[in-house]
Amino acid sequence: MGTLGFDLLALQLFAGVALGAIYVLLAIGLSLIFGMLTVVNFAHGAFFMFGAYAGVFLAARGASFWASLIAVPLIVGAFGLLVERFLIRPLYGRGIDYPLLLTFGLAYMMVEGIRIAFGTLGLPFDTPESLQGATDIGIGFFPTYRLFVIGATAAILLGLWLFLERTRYGLIIRAGARDPQIVRVLGVDVSRVWLLVFGLGTGIAGLAGLLAAPLQGVSPEMGGPVLAEAFVVTVVGGMGSLLGAVVAGLLVGVTVALTSLFVPEMAKVSIFALMAVVLLVRPQGLFGRPGLLS
Amino acid sequence: MLRIEDLHAWYGPSHVLQGVSLEVNRGEIVCLIGRNGAGKTTTLKSVMGLIEKRRGRVVFEGQEILHRPAHARFALGLAYVPEERRIVPGLSVRDNLRLGLVASPEGRRHEAERIERATAAFPRLKERLDQVAVTLSGGEQQMLAIARAMISGPKLVMLDEPSEGIMPVLVDEMFEMFRRMRDEGTTILLVEQNVELALGLADRAYVLDQGVVVHHAPAAELLADEAIQERYCSV
Ligand SMILES: Nc1ncnc2c1ncn2[C@@H]1O[C@H](COP(=O)(O)OP(=O)(O)OP(=O)(O)O)[C@@H](O)[C@H]1O
Ligand SMILES: [Mg+2]
């Protein structure tokens, strides 16, 4: 252990944070959508995958990675708006299982649609030139692109936090997550707020897909495993809690990174073990409110 | 200003309002009384647009509103303070008040000034603007709920049992405030269990029983009519 070295451990921790950043981006969208709309969005992974393919599509037409960073969340979020408006909205008030089944089926259709349009095989995705290579972060060299992912995630979280805490829409969203009826009585058309939240959550998922593409390439099935992990993150953090999504996302990322270092064969199982432990000790998750689903 | 005609409302299969008719004129305080389960809350909710299954006519400022969503009724100048107060957990007193302004562009432009004015009558709220609202006492929460409903300057405000669970001194203070609100031009539709106090304040009163209006009269007249009070309002 002594020779394994502090630096290697620290680097691996850092890798865990980079991995966790992607989970965080997916989980905040899931959590926001669940907290406001009580919709468990099983298509969230498919929106993630759409984001990656939107990046492929734009890159093939000469768009820079930087332009895609702006365009992809807008495109995927716009698609999310359509999905909420025309598919999910008719199901409000019918119980949690209707939108769950709908988004479950939608995810299959989105994956098939991409297979038809882009082929069933995975595609590589180039790391933007200026982010290739490694950077010295004091404890050793760390892939520059991963640093960028961490920084971009932090910026998105900061922006989201400012939006929620400092703007009128943020106030409506915070209040609407707790008590939609009083928000309606105070003159707000909550269905528009729900539309916005679904667009926001799916847009961020699309952006996460684009950010993940250079790390893992793109494939029609890339949304599956990451959705399972994002669900673990929301459950560990507490359904509907944004702070929970952030903390649990990083926790899960670090758990995966450290188990891959010490007991690689346990890496996949470790997060579910983590979830089981958290659920035994705190059934509502680290930051969840008890009884949200009851 | 507000006219309800033959209003019916259902919760699932149970037919709760069975043809309520009443009228509130501009500048009046109208009181709605009746024993538990008579349908008072359901009447207010129907006027605000919170009951899905309903039939009849609700006319506010000359417009039929029965099929409009709640937020559109707010835009016409209707405000509602529910029985449970519905202070939003997790938000500060200030944010709860700001929530009363989010749907009013005019109010948003003068937010600080509106909050100042809305809390002028409630020194206790003013001192606690940045406190989490659910830590307020029951009476303070009721004051906050009323201030939040009034901050946008509605034409008519409906209050559901505002005195419930509040200590008597504060109730007197609150009723004094209702009187001032009326004098400043707000019309009030008040549901109260505290019949004597409410009749002392109101101009007119309606008595509701089992989903229909069984009596209506000037408040002073009802106050003197112990037989009616005995029959429909005692628990
Ligand atoms: N959400 C609901 N679902 C089913 N029935 C309801 C619901 N709310 C009220 N009721 C029933 O409708 C009837 C009228 O209720 P409402 O709350 O309007 O009475 P109220 O006059 O306000 O009574 P209280 O003085 O107790 O507040 C009652 O019989 C009540 O049990
Ligand atoms: Mg009631």
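Select strand β3 (residues 29-33) of chain B together with strand β9 (residues 204-209) of chain B: in this predicted model the two run parallel and are joined by 4 bridges. Strands here are DSSP E runs of at least two residues, and helices are H or I runs of at least four, numbered from the N terminus; two strands count as paired if DSSP finds at least two bridges between them. Within this pair, pick B:C31, whose bridge partner in β9(B) is B:A205.

Widen the selection to the open, mixed sheet of 6 strands in chain B, which follows the order β6-β7-β8-β3-β9-β10. Its edge strands, each pairing on one side only, are β6 (78-81) and β10 (212-218) of chain B. On average, neighbouring strands of this sheet are turned by 15° against each other, direction ignored; axes are lines fitted to C-alpha atoms, for helices over the stretch in contact, with angles from 0 to 180 degrees between N-to-C directions.

Next, show helix α1 (residues 40-48) of chain B, which lies across β3, β6, β7 (156-160), β8 (187-191) and β9 of chain B and runs at about 145° to β6(B), contact meaning heavy atoms within 4.5 Å. Helix α11 (residues 226-233) of chain B lies across β3, β9 and β10 of chain B, at about 40° to β9(B).

Finally, move to chain A, where an unreviewed UniProt entry lists transmembrane regions including residues 12-35 and 42-60; such positions follow the numbering used here, feature names are shortened, and annotations may be inferred rather than shown by experiment. Residues 12-35 of chain A are 100% helix and 0% strand, with end C-alpha atoms 33 Å apart.

Residues are numbered from 1 along each chain as its sequence is written, and chains are lettered from A and ligands numbered from 1 in the order written. Local features need pLDDT of at least 70, side-chain atom pairs count only at pLDDT 80 or more, and totals for chains, interfaces and linings use all residues, while side-chain values use heavy atoms, leaving out hydrogens and water.
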